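Thanks for coming, everyone. Please bring the model up on your screens. I'll walk you through it piece by piece.

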Amino acid sequence: MVNFFGKSIIYLANLCVAVHFLNGSVDGAALKHEATLEISAATINHSMALVQRMEALLNHGNGSDVTLHVQTVNTDEVKVIQVHTLVLSLQSDVFDELLQTRNSSVLVLRETAECAAVFDKFIRYLYCGDITVRLNQAIALHKLASKYHVWDLQQGLTQYMTHHLSSDSPTGHVVGWYQYAMQIGDVALQNSCLQYLSWNLSSVLHSAEWSSVGEELLLNLLQRSDLVLQSELELYEALETWINQNQPSTTTAENALKAIRYAMISPQHLFHLQKKSSLMGKYYESVRDLLFLAFQFHASSPVQLAKYFDVNCSLFTPRNYLSPAWGSPWVINNPTRDDRSFSFPTQLGPSGHDANKRVTWNALFSPRWLPLSVRSSYPEHGSMQPTRTDGGRPRIIITPATSSPDFAGVTFQKTVIVSTRKQGKVVVRHVYNFHQSTEEVGDFLLDADLQRRTSEYLIDSSLYLHIIVKPLYHSLIVAKK
């Protein structure tokens, strides 16, 4: 009995092992067969033909069970479109509800003139999944996508507007897109428009779009220090034109004029404005104190002024001025080739007291700059001697050629403006602010593939930069109350 039981155990164990190996062989064969099938698999794609059939279905109205009557509000115009309940219901929950509750085969929709004009394009998107958009159609299509909850189209149109801010249009479109973004609460689109207008303000001031800027946007722009323009005088003259064209309220005009940084305008030009500007004559009382401070700023050194006034305010803070006194353009051909150096002069500061004083700056561009955390373990060989590595990133260092006692009470902010070409127009791609090295900002040309000739940061294989040096007067000396 014991021997029989032991033999039975051995038999069952052997059977289990045999079954295990048999299953393994079967599984292995199945996997091998599946792998063979996978290698021989191919995709047969007739999606374009399907799109064409869907478009034909819409154009010919075959099998249509609903007729859309798109009425333009406040007019007798009606656009008739034959559609299919299944298609519209699949694409839009709003259409699904409207179609489920309709009382007849006709569905009446009321749209503004701009939306009615592109409604057929909107419906075609629901059938075909693609759409051709023009600058003057973006808002209307975005309104329809939002109204009927076609979220993919809404997102696509937002991206379209963000990527086409620099496109040319007869009367401009960025201001209109900004105002629309404000209405619908699209903060991302609003910020993109505001940044584009700020960084390209000089060209906007001389375009037909400038007169269409609303009061809220105007005051928003005037408060910013990152405006890129030729000079503060250019901004004042553009504001004068805007006020004459738009005739705003007295409060708006006064608030706008108070936002001009008169200390950044030379005394000669300030005297000229007081004498010749009709706008200055009309609102002189509202800006008289600011002009008085500006003239005091020009008549004394910043260090002396700081003993009596708070110089850490917007009146004494430069914007990004492109005129030669503030900096210089720098075009770097084949920027990945090797290190480049460049010297340029600027004024010591905008104060009339420093009008004849100049500072020479040395700029060094390195396409492969070793990060500070790694470089700190090496002995220093001077601030203008970079350590290079194949794994580094582009860097710029800007230092004065000599030191001067005139630097007391002032720090110098460096700004590097990177321009690119979009839709055939040169626009500002990015603005970087730092004190000595772009290492301080961390993201300098972080996404720029300078090795690629078609990089969006390059123009004809060259890096187009503009360097600005801005003296900042802050509380190194405490102002007396």
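**A walk through the model**

Let's start with one pair of residues: Thr67 stands opposite Val106 in strand E3. Keep in mind that this is a predicted model. The next pair belongs with that one. Leu68 stands opposite Leu107, again in E3.

Now the strands behind those pairs. Strand E1 covers residues 66-72. Strand E3 covers residues 106-111. E1 and E3 run parallel and pair over 6 bridges.

E1 has another partner, strand E2, at residues 78-83. Here the sense is antiparallel, over 6 bridges. One bridge to point at: Gln71 has Val78 in E2 as its partner.

Put the strands together. They make an open sheet of 3 strands, in the order E2-E1-E3, with mixed pairing. E2 and E3 are the edge strands, each pairing on one side only. From one strand to the next, the twist averages 25 degrees.

How much of E1 is buried? The count is 5 of its 7 residues, so E1 is largely enclosed by the rest of the structure.

Look at the turn next. E1 and E2 form a hairpin, with 5 residues between them. In that turn, Asn74 has a positive phi of about 65 degrees. Thr75 is found in the loop between E1 and E2 as well. Is Thr75 buried, partly exposed or exposed? Its relative accessible area is 37%, so Thr75 counts as partly exposed. One distance for Thr75: Thr112 lies 37 residues away in sequence and 9.7 Å away in space, C-alpha to C-alpha.

On to helices. Find helix H2, residues 47-60, and helix H6, residues 119-128. Two packed helices are described by the angle between their axes and the distance between the axes. For H2 and H6, the angle is about 140 degrees, and the axes are 9 Å apart. That makes H2 oblique to H6, because only angles over 145 degrees count as roughly antiparallel. The crossing of H2 past H6 is right-handed. Which residues make the contact? From H2, they are Val51, Met54, Glu55, Leu57 and Leu58. From H6, they are Ile123, Arg124, Tyr127 and Cys128.

Next, helix H9, residues 174-184. Its buried residues are Val174, Val175, Trp177, Tyr178, Tyr180 and Ala181. What do they pack against? The answer is four helices by name: H7 (138-147), H8 (151-163), H10 and H12 (215-222). Just after H9 comes Gly185, with a positive phi of about 75 degrees.

Follow the chain to Asn200. This residue is found in the loop between helix H10 (187-199) and helix H11 (201-205). Buried or exposed? Asn200 has a relative accessible area of 8%, and the limit for buried is under 20%, so Asn200 is buried. Leaving aside neighbours within four places in sequence, Asn200 is in contact with Val228, Val427 and Val428.

Val427 and Val428 bring us to strand E11, which spans 425-434. E11 belongs to an open sheet of 4 strands. The order is E6-E12-E10-E11, and the pairing is antiparallel. Strand E6 (327-333) and E11 stand at the edges, each with a single partner strand, so one side of each is left without a neighbour in the sheet. Ignoring direction, neighbouring strands here are turned by 25 degrees against each other on average.

Zoom in on one pairing in that sheet. Strand E10, residues 411-422, is joined to E11 by 9 bridges, and the two run antiparallel. Ile417 has Val431 in E11 as its bridge partner.

Step back to the whole chain. How many helices and strands are there? The chain has 19 helices and 12 strands. It has 481 residues, and 42% of them count as buried. Take the contacts with a separation of 6 or more: residues 24 or more positions apart account for 67% of them.

Last, confidence. The mean pLDDT of the chain is 87, and 86% of the residues reach 70 or more. Over residues 15-22, the pLDDT is below 50, and that stretch has 0 contacts beyond near neighbours in sequence. Residues 476-481 are also below 50, but this stretch has 10 such contacts in the model.

That's the tour. Over to you for questions.

Technical notes
Residues numbered from 1 in each chain as written. Predicted model: local features only at pLDDT ≥ 70, side-chain atom pairs only at ≥ 80, totals over all residues. Heavy atoms only, no water. pLDDT = per-residue confidence, 0-100. Contact = heavy atoms within 4.5 Å. Buried < 20%, exposed > 50% of the residue type's maximum accessible area, 1.4 Å probe, protein only. Pairing = 2+ DSSP bridges. Axes fitted to C-alpha atoms, helices over the stretch in contact; angles between N-to-C directions. Parallel < 35°, antiparallel > 145°, perpendicular 65-115°, else oblique. Left-handed = near helix turned anticlockwise from the far one by under 90°.
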